[in-house]
Amino acid sequence: MDVQFPITAVTVYPDSALIRREGTVRLSAGDVTVTLPGIIPDIDENTLRSCAIGEGVKILGAMVRHEYSAHAADTERKRLADEMEALTDDKRSVESDLAVRAEEAAFIESVKLFGKQQIPRDLATKIPAMNELSDVYRFISEKTKENRDAVLRAHKRIREIDHSITERGEMLDSISGGSGTTKRSIEIALSAKSAVDCTLAVSYLVSGASWEPIYDARADFAKSNVELTLYGIVRQTTGDAWDNVAMSLSTAKPSVGGSMPYVSPWALNVMEYEPPRAKKARSFGIVQKAAFADKESRMEEEEVMPMASMDAPPAPEEYSDAAEHGTAIVYTLMHPASVKSDGTDHKLPVTAQNLAAKYEYSSYPRSVSSAYLGSRVENAPNVQLLPGAVHIFLDGEFVGISQLSAVGPGEEFDIYLGIDDNVKVKREIIEKKVDRTLIAVIPSPVKKSAFTYKITVENYKSKDITVKLFEPLPISEDDRIKVKTSKAVPEATAKDWMDRKGVSLWEFTLAPKAKQEIVHSFTVEHPRELRVEGL
């Protein structure tokens with residue numbers, strides 16, 4: 001008996017999907033075989049499960065049947081060839097974008113080189129305005145990060161495309177060689193005591209599907225809140241369109257397995273002689289791998305800014321029901337979803353929550369003359385947030401992309417919102433004096449240099465703001481170098497902040513249109529013949 005059961009539910013994993021088909025069939029008394037023909041994707045047969053609901057109905061077994069059909073093979077070959085061609089075009093497009101990014105990186109490097117050459121020339125004749133240097137530095141920093149992020153995303157997409165092309169190539173080879181099959185069906189053997197209407201369901205695992213979390217963080221400065229929305233980016237190329245199905249997103253990876261690796265002994269042995277040339281080549285490869293890994297990790301790191309706590313947030317808007325299943329988190333979407341089998345991204349809302357935010361500005365003007373806006377928020381008590389990219393919007397304007405680490409239910413965490421140009425920060429040297437006192441006609445053996453810096457912070461926002469300003473004062477790591485600091489005006493809120501020697505923190509509140517000035521001085525003494533780095 002052939003029946004057509006639609007796909008009614010899908011659980012999407014990071015690297016696969018569990019498909020569920022369900023329908024009702026009229027069974028006659030006795031043994032009967034129900035066949036679901038036209039199964040397109042290659043099923044992991046070990047995951048095939050079936051169940052029947054009907055009085056006196058018993059399942060005797062279930063299996064996947066493979067049949068070779070010349071006409072089906074031609075149709076399948078054409079489908080696979082078309083998909084491979086589309087994937088290849090997609091890859092060329094991404095590679096073209098990479099070429100553009102390479103030109104962009106070369107341009108950024110040329111700007112860096114120009115700066116290294118031009119700024120020392122300017123310093124010989126004049127002191128460039130700090131805002132000019134800050135603008136150049138910010139341009140280079142932002143463009144370099146944007147370029148690197150885009151390159152990483154492009155390489156990831158190319159790996160995904162290559163994997164999909166390889167899968168289809170293997171399927172095409174199996175069809176062309178006659179060893180594979182192109183027509184699949186699921187057969188379920190049943191026994192019924194009497195004629196009855198039976199609800200029958202089957203489920204099976206397929207490859208060619210994936211999902212990943214992504215966030216939108218929309219900060220409203222005037223209302224002191226952040227709307228954080230979690231989306232699932234779902235894509236699939238299983239060959240079956242998922243139309244209006246019940247969908248769940250799971251963090252489990254069925255293809256990885258759950259067994260711990262074999263615990264082997266740790267043995268020490270005598271190192272054999274290795275020719276210097278071979279050792280050098282092997283070491284170079286290790287260094288290259290380590291450098292690449294370190295580069296990736298640095299690109300994902302963010303400066304930690306301490307934030308104050310606040311009241312608990314309101315309950316999140318429920319697009320899904322999140323629950324722990326063993327070691328995995330499963331988000332069951334509240335509304336049916338549709339995903340085409342063309343590999344395109346489908347952005348599905350999972351959960352949204354309005355979080356009360358305590359906004360603070362942090363600035364490190366010795367490095368960048370800008371103020372970075374951050375917020376400390378508390379996650380909802382029933383929501384697990386996964387690591388993922390965060391698209392930041394401040395007062396309706398897109399300001400950049402950040403990263404969110406894993407956040408547990410009820411856990412406090414920081415959302416960083418980038419630079420706010422409405423808070424001006426300026427750091428300038430207002431006095432530099434070098435003592436060149438001579439003893440008779442002989443230069444003094446000790447050189448004494450005095451410096452005075454002024455840092456100005458101005459608030460052009462429409463409400464009071466809290467500012468945390470960090471300024472490192474010089475410290476000596478050599479007994480021959482003596483550093484003396486004068487009392488800052490106003491005094492620092494904290495010295496040696498977070499056990500970072502010499503780092504001072506000023507924390508203050510600024511009203512709209514208000515300005516805060518900080519002046520600090522220090523002197524450095526050292527033997528005249530000693531060259532001091534860092535001044």
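The pLDDT is the predictor's confidence in each residue, on a scale from 0 to 100, and the views below are all taken from a predicted model.

**Figure 1. Confidence along the chain.** The chain has a mean pLDDT of 81, with 79% of its residues reaching 70 or more. Over residues 277–315, however, the pLDDT is below 50, although this stretch still has 48 contacts in the model beyond near neighbours in sequence. Where pLDDT is low, the predicted coordinates should not be read in detail.

**Figure 2. The largest nonpolar core and the surroundings of M247.** The largest nonpolar core holds 80 residues, of which L27, I186, W242 and M247 touch the most other members. Strand 7, spanning residues 196–206, supplies the largest share of this core, with six residues. A second core, separate from this one, consists of ten residues, including L87, V94, I158 and I165. In soluble globular proteins, nonpolar side chains tend to be buried together. When neighbours within four places in sequence are left aside, the contacts of M247 are with V10, V12, V234, W242, Y331, T332, L333, A337, V339 and L348.

**Figure 3. T229 in strand 9.** T229 belongs to strand 9, which runs over residues 225–236. Its relative accessibility is 5%, and T229 therefore counts as buried, the limit being 20%. Apart from neighbours within four places in sequence, T229 is in contact with I214, Y215 and D216, and also with T351 and A352.

**Figure 4. The cysteines C51 and C198.** The count of disulfides in the model comes to zero. For C51, which is in no disulfide, the nearest cysteine sulfur is that of C198, at 8.7 Å. The converse holds for C198, also in no disulfide, whose nearest cysteine sulfur is that of C51, 8.7 Å away. Because a disulfide requires the two sulfur atoms to lie within 2.5 Å, this separation of 8.7 Å does not qualify. The surroundings of the two residues can be described separately: C51 is partly exposed, with a relative accessible area of 33%, whereas C198 counts as buried at 0% relative accessibility.

**Figure 5. The aromatic cluster around F221.** The model contains seven aromatic pairs, and one of them joins F221 to Y361, with ring centres 6.2 Å apart and planes at 55°, so that the pair is tilted. F221 lies in the loop between strand 8 (209–220) and strand 9, while Y361 lies in strand 16 (residues 358–364), so the pair ties together parts of the chain that are 140 residues apart in sequence. Both partners are buried, F221 at 5% relative accessibility and Y361 with a relative accessible area of 1%. Together with Y359, these residues F221 and Y361 form one aromatic cluster. The ring of F221 also has the charged end of K461 sitting over it, 4.5 Å from the ring centre.

**Figure 6. The stacked pair F451 and F522.** F451 and F522 form a stacked aromatic pair, with 5.2 Å from centre to centre and 25° between the planes. The pair links distant parts of the chain, since F451 is in strand 24 (residues 446–459) and F522 is in strand 28 (residues 515–527), 71 residues apart. Both F451 and F522 are buried.

**Figure 7. A charge over the ring of Y453.** The charged end of R427 sits over the ring of Y453, at 4.2 Å from the centre of that ring.

Terms used
Residues numbered from 1 in each chain as written. Heavy atoms only, no water. Core = buried A, V, L, I, M, F, W, Y, C linked by side-chain atoms within 4.5 Å. Buried < 20%, exposed > 50% of the residue type's maximum accessible area, 1.4 Å probe, protein only. Helix = DSSP H or I, 4+ residues; strand = E, 2+ residues; numbered from the N terminus. Contact = heavy atoms within 4.5 Å. Phe/Tyr/Trp six-rings, centres within 6.5 Å; stacked < 30°, edge-to-face > 60°. Lys NZ or Arg CZ within 6 Å of the ring centre and 35° of its normal.
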